[in-house]
Every structure is written in C-alpha cells, then in structure tokens.
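Biologist: Thanks for sitting down with me. Could you walk me through this protein, one question at a time?

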Amino acid sequence: MKVIVVGTGYVGLVTGACLAEVGTNVVCVDVNEAKIKDLQNGILPIYEPGLEEVVHRNFQNGRLSFSTDLASVIPGAELAFIAVGTPPGEDGSADLKYVLQVAKEIGASMTNYLVVVTKSTVPVGTAVKVNRAIKQALQERDQLLDYDVASNPEFLKEGAAVADFMKPDRIVVGVNTEKAQQVLENLYHPFVLNGRPIVFMDIASAEMTKYAANAMLATKISFMNDIANLCELTGADVNKVRKGIGSDPRIGDRFIYPGIGYGGSCFPKDVKALVRTGKEYGHAMRILESVEAVNEDQKKVMFNKIDRHFESDLQGKTFAIWGLSFKPNTDDMREAPSIVLIEALLNAGAKVRVFDPVAMHEAKKELGERVTWGTDLYDAANGADGIVLVTEWNEFRLPDWNRIKDSVKAAVVFDGRNIYDDVTLQKKGFIYYGIGLARTNSTTVLV
Ligand code: UDX
C-alpha cells in the first residue's frame, strides 16, 4: 500500500513514520524545502521521544521517503492524508486555506481511486469542502476519477505521540462509503491487534469527536483549577479532594490535576474553535466559554501568589523558572503558561533566570535576551528570591534542596504543579506555595 502524508508537522510526521514502521510505503510531503532536505538528512523539525529512531529506521529501509513535489508522488497512491496546519484565524475559527489548497492539488494530480483523509483538526463540515475542492480540480482536468473523502482525527499526546499511535485507545474514522472503510480498515489493522476498536462513523461525527474529546479534557482541567482555587479559600486541600473524587470510575483519576492552566497546540485552539462553531450555528457553548475564561485566569495564579508574597514589590527581585514548555517531554512552547508568567514578572520589574531541559532553544525565539538562560536548575536558582516550578519535568522532581538553600537569596518555592511535598520543604527551611492547598496559600503559610 502506498500512502501520502501531506504536512510534516507534528501530526504528519508521526503518522507517516508510524505507518511506515508496520510496513506501509509512505511518502511525506511538505512545501518547505529546507524541512524536507533536513528530513532526508535525518534531521527532525521537532523533539518527540522515539520519533527519530522510527524515522531513521524507515528512511533507511526505504519505506519512508520525503518530497516537496505532491503532484509527482500522488499517482499510484491509495491514500492521501492531509495533515497541514489549521492556524486559528482572528475570530478563533480554524483557517482552512492550507487544507483546501492541498485538496485542490490532489485533485489536479491523482490518476486512480484514492481515499483523501483529513488528519488535521478541522471543523465539522470540512470534508464537504475538501470534496468540493477535489471535484472542482478534477472537472477542470475533465477527469471523472473515483475517490472518497474521510476524516480520521488524531488523539496523539505530545511527548507520547509514537506510543499513542502504535498502541491507540481507539481509532476514529469517518467515512461515507464501504470502499473507503475497507481501505482504512486494512491500513489500521496492524495497530488494533491489541483489541482496541476502530470506531467507524459518518464524517461529521468523526470531525465532531475530535473537538468533543479535547473540549471535555480541557473542561476537566479548568474544573479542577476552579475547585483548587476554592479549596484555598475554604481550607480544603485539592490533592485530597482529587484523590477522593478520582477513585470513582465515572470521574476517573486522570486529567484532574490542577496547575497553572492548560497550553499547547490543541486545547486552547480547539476550545476556541468549538465556541466559534457554536456561534456560527446560533448556539452558545456556555460551558466552554467558561473553560476558556477560567484557563486564562489560571495562567495568572502563580504571578498573583508571587506578587502577594512580596507585597507587590518585585522591582529588582530575581525569580528562577524551572520548566518552560507547556508540558514535560516536549519542546513545544505554543500557548505555554510559562510565557504569561515570565512576561508578568518582567513587567513588574523582576529579573528572570530560566531553565528547561529541552525547550530553551524554542523559548529563545520568544524571550531572547530578556531573561537569563540557566545551564541547569541549580544555575537558574542561584541568587534567586523565589523559585517557580512551571513544568513538571522528571529532573525537577527531586532536587538537592540543601544545595539550593545555600545558593538562593530567599528560600521560597512556588510550585505550579503540586509536585513537591510542602512539609518536607518547610522542614528544610523553605516557604512553600502550591495550588489549591489551603495551608500554603498566601495568607496562611505554615512556618
Ligand atoms: C492533547 C490531547 O491529550 C490529545 O489527545 C490531543 O490529540 C491533542 O491535545 P497535548 O496537547 O499533547 O494533547 O497535551 P496533554 O498531555 O493532553 O496536556 C494538555 C495540557 O493540559 C498541558 O498544558 C497540561 O499541563 C495540562 N494538564 C493536563 C493539566 O493542567 N492537568 C491535567 O490533569 C492534565
């Protein structure tokens, strides 16, 4: 089976590499020549655990190749995935210009029956537009070739994308013909040998499933952040509340960790897009509007705690920021809450020293010389008036607090992910602030 994947971003590259890994012949296509040249030389545009090995192995065995010329690789393919970007427009809706441009090019160059699959996260109704673009391109060539469109949203978590692709919880596929269903069933058969389902449905439902999944997960997080903030005021401890509710299987113990707000390339964009779709259809998505508002406020929670602790006098103070990426195991800085915090600290006249195990290169594009770049967590903490744990990378979990205590100016820790034990830190002489922990909120610090 020959498969084309258009777009070598995060989703496209993982999809292409993992399909090749089970024996499919895959050509990954991108308009960006430099990116394709790099990939041909084994250089990946993103950091994702395990991906480099899969790409190298399959490039070397010839099952995975890279090209900038879509028209020349389309003939003979059975499937073409569209995995190009859908950046949010000014009004929050997903911009489909790249998706439709690719659909048009596919229509202009196909020579045989083809299933064209949207993999990018696209609003309900996009497949209809993709279909129209292909049909139009075929008509312009006076060709009556048979083809189908399908929708196959991804549920890949950054940092675990290869594992998620190879061993999915489920695969969701929207199709409107038996023929297309068969092609996709053949393609995905090797990935569901573990018994997990390929859930076939109509195209509109598949498109909606992706948004509903991400919106539900974002809702869980904003809900817990709201509860955490109320815990602080009422004397409750959100860690206990979390355990108390999570053992109910109807609620579940995953994705209920309070923090400093969700970020990344999916949740913020998808929640906005679904609110926007609601508006288009005259239906207010009231829960999701609140999910977004709570998240925006949550990104400021750590700054507010810092500001209160130092009685709004941050001028000239130095803060160590541990972790920059929106979550661990990725260098992705998109919508990272760290940026909101750092900007607020800089605006208040503070100095910032940062360290992240992987994302510093990406973060430099945004922060440049406005912050000091640490060589490790200890270097970032050196001379600081406060340490802020922003991203819960494993290497931040068990620092040598005695060493840190000797090098900081003031021993205060603001833990944005509740990964440290407050009592342990207090015993070592630190003032500790977490999220949703009444006894360590700004007014009732245990010392
Ligand atoms: C998400 C979905 O999980 C994935 O299925 C989808 O296809 C793409 O979007 P991703 O953006 O990679 O994946 O990150 P995820 O691990 O889901 O975390 C998203 C954000 O939520 C992060 O900022 C994380 O810190 C935050 N989060 C997550 C919490 O604050 N609390 C939690 O309990 C879980």
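Modeller: Happily, and let's begin with a pair of residues: V117 has A150 in strand 6 as its bridge partner. Please keep in mind that this is a predicted model.

Biologist: In which sense do strand 5 and strand 6 pair, parallel or antiparallel?

Modeller: In general, strands of a sheet pair through backbone hydrogen bonds, and either sense can occur. Here strand 5 (residues 114-118) is joined to strand 6 over 5 bridges. V117 and A150 are one such pair of partners. The sense of the pairing is parallel.

Biologist: Which helix makes a β-α-β unit with strand 5 and strand 6, and what is the hand of the unit?

Modeller: The helix covers residues 126-140. Together with strand 5 and strand 6, this helix 6 makes a unit that is right-handed.

Biologist: Is strand 6 largely enclosed or open?

Modeller: Let's take its faces in turn. Y147, V149 and S151 lie on one side, D148 and A150 on the other, and all of them are buried. Because 5 of the 5 residues of strand 6 (residues 147-151) are buried, the strand is largely enclosed by the rest of the structure.

Biologist: And K129, is that buried, partly exposed or exposed?

Modeller: K129 sits in helix 6, and it touches L96 and L100, leaving aside residues up to four places away in sequence. V99 is 30 residues from K129 in sequence, with 9.5 Å between their C-alpha atoms. A residue needs 20 or more C-beta neighbours within 10 Å to be buried. K129 has 17 inside 10 Å, so it counts as partly exposed.

Biologist: Which residue in the loop between helix 6 and strand 6 has a positive phi of about 65°?

Modeller: The residue is not a glycine, although its phi is positive. It has 6 C-beta neighbours inside 10 Å and therefore counts as exposed. The residue in that loop is D142.

Biologist: What about E335: where is it, and how exposed is it?

Modeller: E335 is also a residue other than glycine with a positive phi, near 55°. Its place is the loop between strand 9 (318-322) and helix 14. Because E335 has 19 C-beta neighbours inside 10 Å, it counts as partly exposed.

Biologist: How is the protein divided into domains, and what separates the centres of domain 1 and domain 3?

Modeller: The division gives domain 1 (2-201), domain 2 (211-297) and domain 3 (299-440). Domain 1 and domain 3 do touch, with 4 residues of domain 1 in contact with 7 residues of domain 3. On the domain 1 side of that contact there are 2 nonpolar, 1 polar and 1 charged residues. Taken over C-alpha atoms, the centres of these two domains are separated by 39 Å.

Biologist: Between which domains does the ligand lie?

Modeller: The shell around the ligand has 11 nonpolar, 4 polar and 4 charged residues. Of its 19 residues, E158, Y257, Y262, G264 and C266 come nearest, while helix 9 (residues 203-234) gives the most, with 3 residues. Two domains both give residues to this shell, so the ligand lies between domain 1 and domain 2.

Biologist: In what order do the strands of the 6-stranded open sheet run, and which are at the edges?

Modeller: The pairing in this sheet is parallel, and the order is 11-10-9-12-13-14. The strands that pair on one side only are strand 11 (372-373) and strand 14.

Biologist: Which residues are the partners of L389 and F414?

Modeller: Strand 13 is joined by 3 bridges to strand 12 (residues 386-389) and by 3 bridges to strand 14 (residues 431-433). Its V412 and F414 point one way, V413 and D415 the other, and all are buried. L389 has D415 as its bridge partner, and F414 stands opposite Y433.

Biologist: Last one: which helices and strands does helix 13 pack against?

Modeller: The buried residues of helix 13 (residues 301-309) are V301, M302, F303, K305 and I306. Just after this helix, E311 takes a positive phi of about 50°. The buried residues pack against helix 12, helix 14, strand 12, strand 13 and strand 14.

Definitions and conventions
Residues numbered from 1 in each chain as written. Predicted model: local features only at pLDDT ≥ 70, side-chain atom pairs only at ≥ 80, totals over all residues. Buried ≥ 20, exposed ≤ 12 C-beta atoms within 10 Å, placed from the backbone. Helix = DSSP H or I, 4+ residues; strand = E, 2+ residues; numbered from the N terminus. Pairing = 2+ DSSP bridges. Near = placed C-beta within 6 Å. Nonpolar A, V, L, I, M, F, W, Y, C, P; charged D, E, K, R; others polar. Domains from an automatic or database assignment. Contact = placed C-beta atoms within 7 Å. Right-handed = clockwise from strand over helix to strand, strands pointing away.
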